[in-house]
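Trainee: I have a structure to go through and don't know where to begin. Can you take my questions as they come?

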Amino acid sequence: MTKARASQINLAATPYYHCVSRCVRRSYLCGYDAQSQKSYEHRRAWIETRLLALAKAFCIDICAYAIMSNHYHVVLHINQKAAQSLTNIEIVERWLAFHQAPALIQRFYQGEPLSHSERKACLRIIESWRERLMSVSWFMKLLNQYISTQANREDQCSGHFWEGRFKSQALLDEKALAAAMAYVDLNPVRAGITKQPAHANYTSIKKRVESLKQNKATPAGLLPFAGNPRKSMPDGIPFRLMDYLALVEWTCDQGQNANSLPRPHLLTQLNISRETWLTTCSHLEGGNVVGSLSSIQAILPTLGLKRMTGVMIPSE
């Protein structure tokens, strides 16, 4: 039985979420279909461009993403502070980047005289848009609808392109966020596309590494790394970028001589054992939440639940 989005995406619980959408009917989101001998590689650009455009308009930041052959992953951060700081005009401009304006809003935006009741109606609409600009559901809807429409037009068919609504996991603490980002960044490695995640096209980790080579701290459209993981969810990803990249590289290099490799600094800071980390960041897609036992237990009263299925990350 599916769960209501309110019990899966709740700002009172966490601003961080891992989302996944998969195709149906043997549809190819991207990649090469050996059976039909047709390439869909160009579709990777569709979704990356749309993803970054939506992040620019919405008050939702992108922490990580990976675009695979028949699905994609994205780790999102709901930026409530940014949404609350926007003026009414800024809200209208962001919403209208992807929607047609009602006549009343057009008059408001153009500065035409409005009656008291008309102005109140405008403000109600704008406040609903402010909420939607923080909504992961609206974000994913505008992403998936656009891609399915484009793909169906190209395939000259109709019907469902995605297997259903997107799946989401609440990332309740720093351990969960690090594991989800690594899980996403390592997707191309697990799929055998590349041996190094930073070499995989249309992924956030490649974008970050290329940005570093250009002496830029953060590529456009991605949430920056803020540093100190002991601080409770600062403005930005609560790790140092170089520590995170070192952890991903170390995870990728695990093999026969794994125990001889130096322990990554971030793994020590997060207080996660090698075995727990490797298990979690390779088998993350289970349940609706990811976090330590204390984080999962703490969130149940907020959601009005007695229990939830999820991935529990024990401390070392």
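Mentor: We will go through cysteines, salt bridges, a sheet and a helix.

Trainee: What should I know before reading any values?

Mentor: This is a predicted model, where local features need pLDDT of at least 70 and side-chain atom pairs count only at pLDDT 80 or more, while totals for chains, interfaces and linings use all residues. Residues are numbered from 1 along each chain as its sequence is written, and side-chain values use heavy atoms, with hydrogens and water left out.

Trainee: OK. How many disulfides does a search of the whole structure find?

Mentor: Zero. A disulfide here is a pair of cysteine sulfur atoms within 2.5 Å.

Trainee: Why is there no bond at Cys59?

Mentor: Because the closest cysteine sulfur, in Cys63, is 15 Å from the sulfur of Cys59, which is too far.

Trainee: And which cysteine has the sulfur closest to that of Cys122?

Mentor: Cys59, but at 20 Å that is also too far for a bond.

Trainee: Is Cys122 buried or exposed?

Mentor: Buried, at 0% relative accessibility. Buried means under 20% relative accessible area, exposed over 50%, and partly exposed in between, using a 1.4 Å probe and protein chains only. Cys59 is buried as well, with 3%.

Trainee: Changing topic: how many salt bridges are there?

Mentor: Nine. To count, a side-chain nitrogen of Lys or Arg must be within 4 Å of a carboxyl oxygen of Asp or Glu.

Trainee: Which residue does Glu118 meet in one of them?

Mentor: Arg107, with 3.1 Å from N to O. This pair links distant parts of the chain, eleven residues apart: Glu118 lies in helix α5 (residues 116-132) and Arg107 in helix α4 (residues 103-109). Helices (H or I, at least four residues) and strands (E, at least two) are DSSP runs, numbered from the N terminus. Glu118 is partly exposed at 24%, and so is Arg107 at 27%.

Trainee: What about Glu127, what does that one pair with?

Mentor: Glu127 forms a salt bridge with Arg130, and their closest N and O atoms are 3.2 Å apart.

Trainee: Where do those two sit relative to each other?

Mentor: They are three residues apart in helix α5, so about one helical turn separates them. In general, an α-helix has 3.6 residues a turn, so residues three or four places apart point the same way. Glu127 is partly exposed at 37%, whereas Arg130 is buried at 9%.

Trainee: Now the sheet. What is its strand order?

Mentor: It is an open sheet of six strands in the order β4-β5-β1-β6-β7-β8, with mixed pairing. Its edge strands are β4 and β8 (310-312), each pairing on one side only. Two strands pair if DSSP finds at least two bridges between them.

Trainee: Do β4 and β5 pair in the parallel or antiparallel sense?

Mentor: Antiparallel, over seven bridges, with β5 covering residues 71-78. Ala64 stands opposite Val75 in β5.

Trainee: Last one: which residues are buried in helix α9?

Mentor: In α9 (residues 204-213), they are Ser204, Ile205, Lys206, Arg208, Val209 and Ser211.

Trainee: And what do the buried residues of α9 pack against?

Mentor: They pack against β4 (60-67), α7 (174-185) and α10 (241-252), where contact means heavy atoms within 4.5 Å. So β4 comes up twice: as an edge strand of the sheet and as a packing partner of α9.

Trainee: What follows α9?

Mentor: Asn215, whose phi is positive, near 60°.
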